[in-house]
Amino acid sequence: MKKKVIQILTEHGTLVQPDAIKYILSQKNPMVYVQSLINKSGEYPLILTVDDLKNMEENRQSKVILMSEANEYTRSCRRQFRSIEVKHEPETNLAETKPDVNIISDVSGNSTCEGNVNDFAKYFRNRYESIKKLLKNRREMVGITPINRIRQTDAQIKIIGIVKETSVTKKGHRLIEIEDETGAISALIPNNSLLISEPVVTDEVIGIVGRLSSKSGLVNVESIVRPEIMMRREINRAKIPLCAAFVSDIHVGSKTFLSDAWEKFVEWLKSDEASNIKYIVIPGDAVDGIGVYPDQEDELLISDIFKQYEELGRLLSEIPENIQIILSPGNHDAVRQAEPQPAFPENIRKLFGSNVLFVGNPCYFTLNGVEILLYHGRSMDDFVTTIPSMTYNTPIPMMKEMLRRRHLAPIYGGRTPIAPEHKDYLVIDRVPDIFVTGHVHSAGVEVYRDVTLINASAWQSQTSYQRTQGFVPDPGKVPVVNLQTLETKIMKFA
Ligand SMILES: [Fe+2]
């Protein structure tokens, strides 16, 4: 039993003090107890003490979710496979239920940056510190050495730094120049290493485990450590079976806007079948904008940006008003292009009904307690151009790379402009229940480590610009998530 408990916690990245092991083994059912600890979300201490356990118990008891019975354990395991039995509450009229939206993190109204050199220094310092904190929770990164304290030794060294540059030598070895707050050093991945194809991108914060070569003065890389997200956690769920529909990249104003498909969608929203849809989440590119790509004006049906938003306002006003709409900007929209993007300004907001809530890009919020991370997805342009295995038609692997790095736009200086806020809003400092993006006009749903990943399609057929870029959209699809079960289906309207 003791061995099993230690193994489970170790696999979870947590070391345990002997007293804490004793405490766990003294529980009525130690395996259930330990599993309930793991299922509970949150950051775990590197070394688990009895005090930590007691604190966790207290927290949990206050939320009345202490799982101490075997049947609860069984249920929590079943949750992992989305097969929880749902208690329907027939007396609840879903259409009349008030929306329950809580914004957790959004740059809107909180912007600090003026764009001077100092702001950039603060921004990158915050990015480094935020991700370093997450990396330090990893078991593999116990005992890190600041770069300026690295001395000649045969022992393994561990460093956390921001990637300054990567290159390939004539012999096919990879060089990674990494810097922390104390200095910089180059690390080498030999051409015969299994790590040779591991995508390391500039400006991401990584951990490197390796040994210093006395000959070359380089760190020979033995492993690369990413902050990652936990394998398992407890997922937040709505108490009633309300649904959210994810509808990205509407591109109103474009000649290629799929108005017939949109009308079908709105008709469906009015039908009984859609009576449990309480939310529509729109992660950006609500209109086509103007001057976004070369010769765009030839493809515009509405060439005035305000008229595009007026038309969007009209289209959204046809949606039943008991549905709460959450609208964020994307790179086609009329807000600053640099991310994080704030919510639409008042002169645009006034064109919409009272059931539209405006948020920034990215934004963390909850819908009936279910936590959503919304990001338009512009950084996918940089993933596609930097990592050979990434393509526009497969956004889900790029979303996983973001989660592994705990950053929405790790590559700086590419196609994703970044505003140097003093806090890096692009750091994934919370693990959401649902992570939604748009931008690449694909429809995809997958569960990664208990996070439901959604790419929310588009309402625009292929533009001539997309044709020249070899970009094939998958429009007119709507991923719908039941917020009580987190079951997802994709509705097709095109
Ligand atoms: Fe788009």
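**Close-ups of a predicted iron-site model**

**View A. His-439, a buried residue with positive phi.** With a relative accessibility of 11%, His-439 counts as buried (buried is under 20% relative accessible area, exposed over 50%, partly exposed in between, using a 1.4 Å probe and protein chains only). This is a predicted model, so local features need pLDDT of at least 70 and side-chain atom pairs count only at pLDDT 80 or more, while totals for chains, interfaces and linings use all residues. Residues are numbered from 1 along each chain as its sequence is written, and side-chain values use heavy atoms, with hydrogens and water left out. His-439 sits in the loop between β15 and β16 (strands are DSSP runs of E, at least two residues; helices are runs of H or I, at least four; both are numbered from the N terminus). Its phi is near 70°, positive although this isn't a glycine. Most residues other than glycine have a negative phi, and most peptide bonds are trans.

**View B. The iron ion and its protein donors.** Asp-249 (OD), His-251 (NE2), Asp-285 (OD) and His-441 (NE2) hold the donor atoms, 2.0 to 2.4 Å from the iron ion. Donors here are N, O and S atoms within 2.8 Å of the metal (3.2 Å for Na, K and Ca); water is not among the atoms, so sites may look incomplete. Angles among the four donor atoms run from 85 to 177°, and the site is irregular. That label is what's left when four donors are neither tetrahedral (all angles between 85 and 135 degrees) nor square planar, and six are not octahedral (for both, opposite donors over 155 degrees apart and all others between 65 and 115). Along the chain, the donors follow D-x1-H-x33-D-x155-H. Asp-285, in the loop between β10 (277-283) and α8 (305-317), and His-441, in the loop between β15 (434-437) and β16 (443-448), link distant parts of the chain, 156 residues apart. Both of these residues are buried.

**View C. Asp-249, a donor with positive phi.** Asp-249 lies in the loop between β9 (243-246) and α7 (259-269). Phi is near 45° here, again positive in a residue other than glycine. Asp-249 counts as buried because its relative accessibility is 0%.

**View D. Two cis peptide bonds, each leading into a proline.** The bond from Glu-339 to Pro-340 is cis, with omega near 5°. Pro-340 is in the loop between β11 (324-328) and α9 (346-349). The bond from Asn-361 to Pro-362 is also cis, omega near 5°, and Pro-362 is in the loop between β12 (356-358) and β13 (363-367).
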